Amino acid sequence: MVAVIKTGNSVHNIFNYNENKVKEGIAECIGEGNYPLEATKLTDVMKLNRLLKQNALNENVKRNSVHISLNFDPSESALSNEKMLEIASQYMQKIGFGNQPYLIYRHYDAGHPHLHLVSIKVRENGSRIDMQNIGRNQSEAARKEIEKMFGLVQAQEKKNTRHELIKPIVLSKIKYGKTESKSAVQSVLDHVLPAYKYKSLSELNAVLGLYNVMADRGEENSRIFKTNGLLYRTLDENRKPVGVPLKSSGFYSKPTLKFLQMKFLQNANTASHKKRIANAVDLILLSRSVSLSDLELELRKEGINVVFRKSAGGQLYGITYVDHTSKCVFNGSDLGKSYSAKLIERRCRLSFENEKEKPISVLSEIPKSNKAIGQEKNNESFFKDLQQDLKSLDFESAVEKMIELITKVENDVFYVPNQLKKASKKKRVRRRSNNL
């Protein structure tokens, strides 16, 4: 089992988030704690008012809402609602929320069974519940006890293994039209925003783009840009926006531009994580020449995604590295000049052109002699004659031309720079002695 705890300043938002899931048919309210009636007999107004009235006992508590998700292993999909209610009750009791009013929702919008618990931080006497380090202390102890008590699959700690057995969110690229857009985008934001260290909107979009999501401020002269607004868009497979843009203020976690700007400042000190990416790139390019796509594939094996930015004409102008191990995001130039788009392209000896990778020709940079240019024209004339013979079905003449081409001795007509020419041997001149 994995527990994820979040706090907020709006009970309305987390309550509406879960109730909207119920209306969409992908969740159900299966229980409650410390309510006067059973969940099946409670109206939406009754559910919400119980939380709001107790919160009103201490208006000094700004972040007064609590949203917890309990995530189980996919193999435990047969867990009954009754069993989940017992687990939720034990968990809330062990973390100090046993006497708080709370609602229990079972969601069906992910590849693993999970619960959402909605509660508040204000006690019945008006005092505030201290939640500092609750995830590391009370929640972690409760998780281990509940796993043993109910025979659940144990979630291994990160320090003991590189991958967790259970992940709180099962994410994949959003496919527009196949999933409900807003809830899918919300899942991506919940996963990316608190975990990754991005220092600008472009770096954040490098991560969001991996899941077909983009944060968009709009055009500079647009109303949303001037009012510091922010939209989230779903992207298609060609990374083009599709569907209706979603306002950042419409999400319960409020991932607005103001929120992101605070995250940019918090994530400023990530320099210590640059070396891992730089070393990985250097090691791949050290002993062999690889294509850009090969580099991308090899880095992906190291847990690093490379995001290439190209112009409308297909020219590469930017590169961003997303390290899923350190959760850091860097533009190429941040790592050093040799990791920028221009020099990475040169180091790979490949360029983007018409959406395809083509080798950069070394010979094309060498000037041709007049003789070579004349030879090219003769070759063009030869192949035109050959084509004409084939069209007129003069196979005998065509065969003769092919034999002539195959047996022809080619001259070295390429220009050779002076630096590559062999030094010519100087003719020794025998000088006569003045004595003779």
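## Close-up views of sheets, helix contacts and a salt bridge

**Figure 1. Helix α5 on the three-stranded sheet.** Helix α5 lies across β6, β7 and β8, and its direction is at about 105 degrees to that of β7. The model shown in this and the following views is predicted. The strands under α5 belong to an open sheet with the order β6-β7-β8 and antiparallel pairing. Its edge strands are β6 (213-216) and β8 (241-247), each of which pairs on one side only. Averaged over the sheet and with direction ignored, neighbouring strands are turned by 25 degrees against each other.

**Figure 2. Strand pairing around β7.** Strand β7 (residues 231-235) is joined to β6 by four bridges in the antiparallel sense. Within this pair, methionine 214 stands opposite arginine 233 of β7. The pairing of β7 with β8 is likewise antiparallel and also has four bridges. Here threonine 234 has valine 242 of β8 as its bridge partner. Five residues lie between β7 and β8 in the hairpin that these two strands form. One residue of the turn, arginine 239, has a positive phi of about 60 degrees.

**Figure 3. The five-stranded sheet.** This open sheet has the strand order β1-β3-β5-β4-β2, with antiparallel pairing. Strands β1 (2-8) and β2 (27-33) stand at the edges with a single partner strand each, so one side of each has no neighbour in the sheet. The average turn between neighbouring strands is 20 degrees, direction ignored. Helix α3 (residues 81-94) packs on the sheet and touches β1, β2, β3 (65-71), β4 and β5. The direction of α3 makes about 40 degrees with that of β5.

**Figure 4. Strands β4 and β5.** Strand β4 (residues 102-107) and strand β5 (residues 114-120) run antiparallel and are joined by five bridges. Leucine 103 has valine 118 in β5 as its bridge partner. In a regular strand, side chains alternate between the two faces of the sheet.

**Figure 5. A salt bridge between strand β1 and helix α5.** Lysine 6 and aspartate 190 meet through their side chains in a salt bridge, with an N to O distance of 3.6 Å. The two residues are 184 residues apart and link distant parts of the chain: lysine 6 is in strand β1, and aspartate 190 is in helix α5 (residues 181-192). Side chains of opposite charge can pair when their charged atoms come close. The structure holds eleven salt bridges.

**Figure 6. Contact of helices α1 and α2.** The axes of helix α1 (residues 11-23) and helix α2 (residues 44-55) come within 11 Å and cross at roughly 165 degrees. The two helices are therefore roughly antiparallel to each other, and their crossing is right-handed. On the α1 side the contact is made by Val11, His12, Phe15, Glu19 and Lys23. Helix α2 contributes Asp44, Lys47, Leu48, Leu51, Leu52 and Asn55. By class, five residues of this contact are nonpolar, two are polar and four are charged.

**Figure 7. Contact of helices α3 and α4.** Helix α4 (residues 135-150) packs against α3 at an angle of about 145 degrees, and the axes are 9 Å apart. The crossing of α3 and α4 is right-handed. Residues of α3 in the contact are Lys83, Glu86, Ile87, Gln90, Tyr91 and Lys94. From α4 come Gln138, Ser139, Ala142, Glu145, Ile146, Met149 and Phe150. The contact has six nonpolar, three polar and four charged residues. Helix α3 is also the helix that packs on the five-stranded sheet of Figure 3.

**Figure 8. Contact of helices α9 and α12.** Helix α9 (residues 274-286) packs with helix α12 (residues 341-348) at an angle of about 25 degrees, with 11 Å between their axes. These helices are therefore roughly parallel to each other, and α9 passes α12 in a left-handed crossing. Val281, Asp282 and Leu285 of α9 meet Ile344, Arg347 and Cys348 of α12. Sorted by class, the contact has four nonpolar residues, two charged residues and no polar ones.

How values were computed. Residues numbered from 1 in each chain as written. Predicted model: local features only at pLDDT ≥ 70, side-chain atom pairs only at ≥ 80, totals over all residues. Heavy atoms only, no water. Pairing = 2+ DSSP bridges. Axes fitted to C-alpha atoms, helices over the stretch in contact; angles between N-to-C directions. Contact = heavy atoms within 4.5 Å. Parallel < 35°, antiparallel > 145°, perpendicular 65-115°, else oblique. Left-handed = near helix turned anticlockwise from the far one by under 90°. Nonpolar A, V, L, I, M, F, W, Y, C, P; charged D, E, K, R; others polar. Salt bridge = Lys/Arg side-chain N within 4 Å of Asp/Glu carboxyl O.
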